[in-house]
Amino acid sequence: MIQRSEGSVIAEAFQSAFLLLMSQQAKLSTWASNIAPSPTLAVDAKAKELKAAGEDVCGFGAGEPDFDTPEFIKEACIEAIREGKTKYAPAPGIPALREALAEKYRAHNGVEGVTPAQVIVSPGGKYSCYLAILAVISPGDEVVIPAPYWVSYPEMVKLAGGVPKTVFAGQEAGFKISPEQLKQAITPKTRLLILNSPSNPTGAVYSSEELQVLTEIALEAGIYIMSDEIYEHLLYDGVQHVSPASFSKEAADSVITVAGFSKTFSMTGWRLGTLMAPLPIAKAVASLQSQTTSNATTFAQYGALAAMQHWDQSMAAVSAMLQVFDRRRLRLLDGLQAIEGIECARAQGAFYLFPKLTATGMSANDFAAKLLEEEKVAVVPGEGFGAPGYIRLSYATSDEVIEKGLERLGRFCAKLG
């Protein structure tokens with residue numbers, strides 16, 4: 001488990017006291033008082049604020065492809081608007097898109113027997129994750145979350161009244177938890193295991209064998225798995241993506257698969273997430289969505305439908321994007337590994353690198369703040385990902401930003417030495 005420094009404990013105590021004071025003054029709910037803002041969005045907002053003020057900022061914070069949405073997807077959405085498809089849609093999604101997604105899970109993910117009734121289209125992959133957690137977690141239930149984790153997982157669990165239980169696996173372990181760690185983390189209160197492969201923030205990808213062992217442990221313990229596969233098509237070095245729901249009928253009955261269109265098709269602003277689950281859970285999710293957001297934007301779903309119906313064209317666009325990402329990945333990796341005081345593992349998925357600060361003498365929070373202040377380089381500190389001592393850099397940015405950012409980062413670290 002992660003050991004917290006005295007400084008971090010004091011900082012957390014101060015934050016808790018501040019939040020308590022603010023909640024008393026504003027009479028906020030327990031949920032609003034205990035939730036932390038997204039550090040990734042905060043870093044991105046600060047970088048954009050500095051840019052708007054005329055500063056030359058190298059931003060490595062946002063998890064957003066810097067490519068446009070493919071034209072044929074945009075045109076399908078525009079045509080839907082012209083045809084008047086601007087009214088309410090069924091809460092779980094338009095039937096044609098749910099059918100196309102079910103076929104995708106059968107044909108490309110190897111999950112047998114998936115029906116459209118098991119598929120829900122939501123307003124964003126983030127909301128798909130939250131709905132999955134809400135559907136199976138009751139107050140007091142524990143959720144095992146491997147760390148480093150995506151920043152929103154623990155907060156979503158807390159919003160559902162659950163208890164996040166993190167299990168840390170650092171760079172030395174390839175950022176992947178072991179079967180022994182999982183077994184030790186499971187208690188009678190455990191209800192859910194969250195898996196994210198390829199991973200945000202590390203880019204780590206579990207092999208089929210590794211996933212199968214973890215899935216079997218979860219099945220034996222009688223707990224659900226939420227498999228976040230939002231980066232399933234962003235892979236390098238010949239690695240393959242595997243969906244835990246494909247392992248067996250028993251696995252399919254216990255795995256909730258969440259994903260979306262944001263990363264694969266550069267559709268972040270479209271807010272379209274997907275969820276595929278055993279039928280009782282899918283029905284519960286549909287009910288939750290019907291009472292919270294109703295449906296995902298109707299005409300946006302027709303753009304997503306075009307992506308599914310023209311799969312070869314979609315994958316050609318993804319392949320072109322991947323070639324650029326791969327080049328940037330290797331360039332950023334080489335540059336980081338050449339900087340004294342930084343160690344960086346070779347990521348094999350998503351579009352992030354997660355280097356470890358080894359000889360800077362600073363916390364990741366202080367490092368990131370000072371780096372932005374002095375060199376105008378925006379990175380996300382690892383504390384928000386449950387990994388103090390690390391920073392996340394996204395290479396979903398231009399070659400120019402990567403080159404300039406590496407130069408500035410090297411200069412900054414040299415001053416620290």
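## Strands 3 and 5

In this predicted model, Val143 sits opposite Leu192 of strand 5. Strand 3 covers residues 142–147 and strand 5 covers residues 190–196. The two run parallel and are joined by three bridges.

## The sheet

Both strands belong to an open sheet of seven strands. The order is 2-8-7-6-5-3-4, with mixed pairing. Strand 2 (119–122) and strand 4 (163–168) form the edges. Each has a single partner strand, so one side of each has no neighbour in the sheet. On average, neighbouring strands are turned by 20° against each other, direction ignored.

Helix 11 (residues 279–290) packs on this sheet. Helix 11 touches strand 2, strand 6 (224–228), strand 7 (255–260) and strand 8 (273–276). The directions of helix 11 and strand 2 make an angle of about 25°.

## Nonpolar cores

In soluble globular proteins, nonpolar side chains tend to be buried together. Here the largest nonpolar core holds 87 residues. Those with the most contacts inside this core are Phe60, Leu97, Phe261, Phe265, Leu272, Leu332 and Leu336. Helix 13 (residues 311–337) is the top contributor, giving eight residues.

What does Leu332 touch, leaving aside residues up to four places away in sequence? Its contacts are Phe60, Leu353, Leu393, Tyr395, Ile402 and Leu406. Phe60 is itself listed among the residues with the most contacts inside the largest core.

Another core, of 42 residues, lies apart from the largest one. Its members include Val43, Tyr127, Tyr153 and Val258.

Terms used. Residues numbered from 1 in each chain as written. Predicted model: local features only at pLDDT ≥ 70, side-chain atom pairs only at ≥ 80, totals over all residues. Heavy atoms only, no water. Core = buried A, V, L, I, M, F, W, Y, C linked by side-chain atoms within 4.5 Å. Buried < 20%, exposed > 50% of the residue type's maximum accessible area, 1.4 Å probe, protein only. Helix = DSSP H or I, 4+ residues; strand = E, 2+ residues; numbered from the N terminus. Contact = heavy atoms within 4.5 Å. Pairing = 2+ DSSP bridges. Axes fitted to C-alpha atoms, helices over the stretch in contact; angles between N-to-C directions.
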